[in-house]
Amino acid sequence: MSRIITVTAASIIAALSLAGTSYAAMLPADRALAADHNPRILVMNTDEIEKHDTFQDTLNALSPASPEVRGVQEAIRENPALKHELLAQHVELNNVIFADEAADGSFVLYIR
């Protein structure tokens, strides 16, 4: 009986981890990005950041499966206008790894 409970619990945990990023798990910039119907964006490649900058190191350390990356990609999927704009700029969704909201309300999207 204990073995069945263990297998069931492991299955539930695995299913929940694959279920996707919830809105509550998104970073504040990601939530704002998902809600903005006409976002102003700047797409920046991580290679364009000054070498040996700690922010560049942080971005390069993000894995595609990390919650931060999945959160920003989910925010883009939820925003049709943003998704259309990125496709017009030939940006692949899977390459977007981080979003940052500027003081003026625009967003910087970092890609690798």
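Does F98 count as buried or exposed? At 18% relative accessibility, F98 counts as buried, where buried denotes under 20% relative accessible area, exposed over 50% and partly exposed in between (1.4 Å probe, protein chains only). The model is predicted, so that local features need pLDDT of at least 70 and side-chain atom pairs count only at pLDDT 80 or more, whereas totals for chains, interfaces and linings use all residues. Residues are numbered from 1 along each chain as its sequence is written, and side-chain values use heavy atoms, with hydrogens and water left out.The largest nonpolar core (buried Ala, Val, Leu, Ile, Met, Phe, Trp, Tyr and Cys residues joined through side-chain atoms within 4.5 Å) has 14 residues, of which L33, I41, I76, L82, L86, V96 and L109 touch the most other members. Two or more residues are given to this core by each of α2 (28-35), α4 (67-77), α5 (80-88), β2 (96-101) and β3 (107-111); helices (H or I, at least four residues) and strands (E, at least two) are DSSP runs numbered from the N terminus. Another core, of eight residues, lies apart from it and includes L59, L62, V108 and Y110.

Three aromatic pairs were counted, with rings of Phe, Tyr and Trp (its six-membered ring) pairing if their centres lie within 6.5 Å, and planes under 30 degrees apart counting as stacked, over 60 as edge-to-face and the rest as tilted. F55 and F98 form an edge-to-face pair, at 5.8 Å centre to centre and 75° between the planes. Because F55 lies in helix α3 (residues 54-61) and F98 in strand β2, this pair ties together parts that are 43 residues apart in sequence. F55 is partly exposed, with a relative accessible area of 27%. F98 also forms a tilted pair with Y110, at 6.3 Å centre to centre and 45° between the planes. Both F98 and Y110 are buried, and ring pairs link F55, F98 and Y110 into a cluster.
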